[in-house]
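I opened my notebook to look around a protein, one stop at a time. Here is what I looked up, in the order I went.

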Amino acid sequence: MLELQRAGAEARHVVRIGSLAIGASRPTLIAGPCSVEPTYVEQAVALAAAGVDALRAGVFKPRTHPDSFQGMGLEALPLLAEATRRTGLPLISEVMSPADAEAIGDHVDGFQVGARNMQNYRLLEALGDIGRPVILKRGLSATIDEWIASSEYVRRRGNHDVVLCERGIRTFEPRTRNTLDISAVVVARELTDLPVIVDPSHAAGRREWVPALARAALAVGADGLLVEAHPSPAEAWSDGPQTIGLEALADLAELVLDGRRR
Ligand code: PEP
Ligand code: MN
């Protein structure tokens with residue numbers, strides 16, 4: 001095992017993404033559709049009304065098959081700007097390369113590094129140099145140590161604003177899209193001072209299972225949730241089956257608020 005424990009992991013590092021503080025005394029709720037779609041602005045307004053703390057949406061999508069929708073790309077940028085203007089919420093979007101980060105950097109408050117890019121070290125170093133907050137998803141088959149080691153690629157360039165995100169790992173179990181490794185939340189929070197959030201959507205693969213996994217995440221001390229949500233989930237351009245609607249989202253927002261009071 002690598003010696004990864006940071007001195008003083010008890011003193012948690014709080015990551016600020018715009019107005020949002022992740023890892024402070026209360027869990028946070030980041031939500032949005034898998035990918036930006038032409039109706040994104042209206043969606044964002046509805047999600048904000050449901051009580052989310054920050055918005056997510058992919059401009060560039062890392063799809064397993066090249067025929068799948070790859071994201072709107074740079075055409076999405078005016079929609080991001082308008083969504084931010086209308087809601088006042090911080091916005092996070094995924095990047096797959098340093099060039100992506102360069103292209104959308106002025107339109108987002110934080111970058112997401114997806115599971116498939118957890119070990120894209122040149123990307124991690126570039127994000128370390130840019131200095132904007134990074135949500136680092138755990139790789140599909142990455143150990144906790146490998147995930148934390150990846151976070152160090154960002155930190156060693158002087159950017160300590162990394163949020164670890166458990167999103168389920170690949171196991172022998174085909175019923176769920178991935179197996180949510182709930183223990184990873186506990187262990188990663190012990191091994192590092194970084195906030196650890198959970199994406200129950202990519203773990204479950206089915207929207208019916210998302211609320212229960214979200215509750216489990218908060219119960220073990222997750223610093224927040226990253227959830228796929230859409231006003232009309234069945235119409236989502238990607239990951240519709242695991243995307244929750246506004247009602248379920250409002251329930252999660254309430255749950256997170258409860259967590260704040262504890
Ligand atoms: C996503 O958040 O839409 C995504 C692609 O997630 P992951 O990288 O965890 O598969
Ligand atoms: Mn997705």
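**Entry 1: a pocket.** Before I started, I noted what a pocket is: an open set of grid points with protein on both sides within 12 Å along at least five of seven lines. I also kept in mind that this is a predicted model. I then looked up the second largest pocket and found about 200 Å³ of space in it. It is lined by 16 residues, and the closest to its centre are Pro62, Arg116, Arg177, His202 and Asp239. Next I sorted the lining of this pocket by type: three residues are nonpolar, four are polar and nine are charged.

**Entry 2: the manganese ion.** Which protein atoms are donors to the manganese ion (ligand 2)? I found SG of Cys34, NE2 of His202, an OE atom of Glu228 and an OD atom of Asp239, at 2.1 to 2.4 Å from the ion. Along the sequence, I wrote the spacing of these donor residues as C-x167-H-x25-E-x10-D. I then followed one pair, His202 and Asp239, which links distant parts of the chain, 37 residues apart. His202 sits in helix α7 (residues 200-204), while Asp239 is in the loop between β10 (224-228) and α9 (246-261).

**Entry 3: a closer look at Asp239.** Is Asp239 buried or exposed? Its relative accessibility is 16%, and the cut-off for buried is under 20%, so Asp239 counts as buried. His202, its partner in the pair, is buried too. I also checked the backbone of Asp239 and found a positive phi of about 55°, although this residue is not a glycine. My reminder to myself: most residues other than glycine have a negative phi.

**Entry 4: ligand 1.** I listed the residues around ligand 1, and among them are Cys34, His202 and Glu228, which I had already met as donors of the manganese ion. The list also includes Arg56, Lys61, Glu94, Lys137 and Arg167. Then I looked for polar side-chain atoms beside the oxygen atoms of ligand 1. Gln112 has one at 2.9 Å from an oxygen atom of ligand 1, and Arg116 has one at 2.9 Å from an oxygen atom of this ligand. For His202, an N or O atom of the side chain is 3.2 Å from an oxygen atom of ligand 1.

**Entry 5: some buried residues.** I went on to strand β3 (residues 28-32), where I found Thr28. Thr28 counts as buried because its relative accessibility is 0%. Its C-alpha atom is 19 Å from that of Thr192, and 164 residues separate the two along the chain.

Where is Pro33? I found Pro33 in the loop between β3 and α1, and it counts as buried because its relative accessibility is 0%. Pro33 and His230 are 197 residues apart in sequence, yet their C-alpha atoms are 5.3 Å apart.

In helix α1 (residues 40-49) I picked out Leu47. Leu47 is at 0% relative accessibility, so I wrote it down as buried. From Leu47 to Gly32 I noted 15 residues in sequence and 7.1 Å between C-alpha atoms.

My last stop was Ile104 in helix α3 (residues 98-104). Ile104 is buried, with a relative accessible area of 0%. Ser93 is eleven residues from Ile104 in sequence, and their C-alpha atoms are 8.5 Å apart.

How values were computed:
Residues numbered from 1 in each chain as written. Chains lettered and ligands numbered in written order. Predicted model: local features only at pLDDT ≥ 70, side-chain atom pairs only at ≥ 80, totals over all residues. Heavy atoms only, no water. Donors = N, O, S within 2.8 Å, 3.2 Å for Na, K, Ca; no water. Helix = DSSP H or I, 4+ residues; strand = E, 2+ residues; numbered from the N terminus. Buried < 20%, exposed > 50% of the residue type's maximum accessible area, 1.4 Å probe, protein only. 1 Å grid on protein atoms, 1.4 Å probe; cavity = no way out; pocket = protein on both sides within 12 Å on 5 of 7 lines; lining within 4 Å. Points joined across faces, edges and corners; volume = space filled by probe spheres on them. Nonpolar A, V, L, I, M, F, W, Y, C, P; charged D, E, K, R; others polar. Near = heavy atom within 4 Å. Polar contact = N/O pair within 3.5 Å; in protein donor to acceptor, adjacent residues only side chain to side chain.
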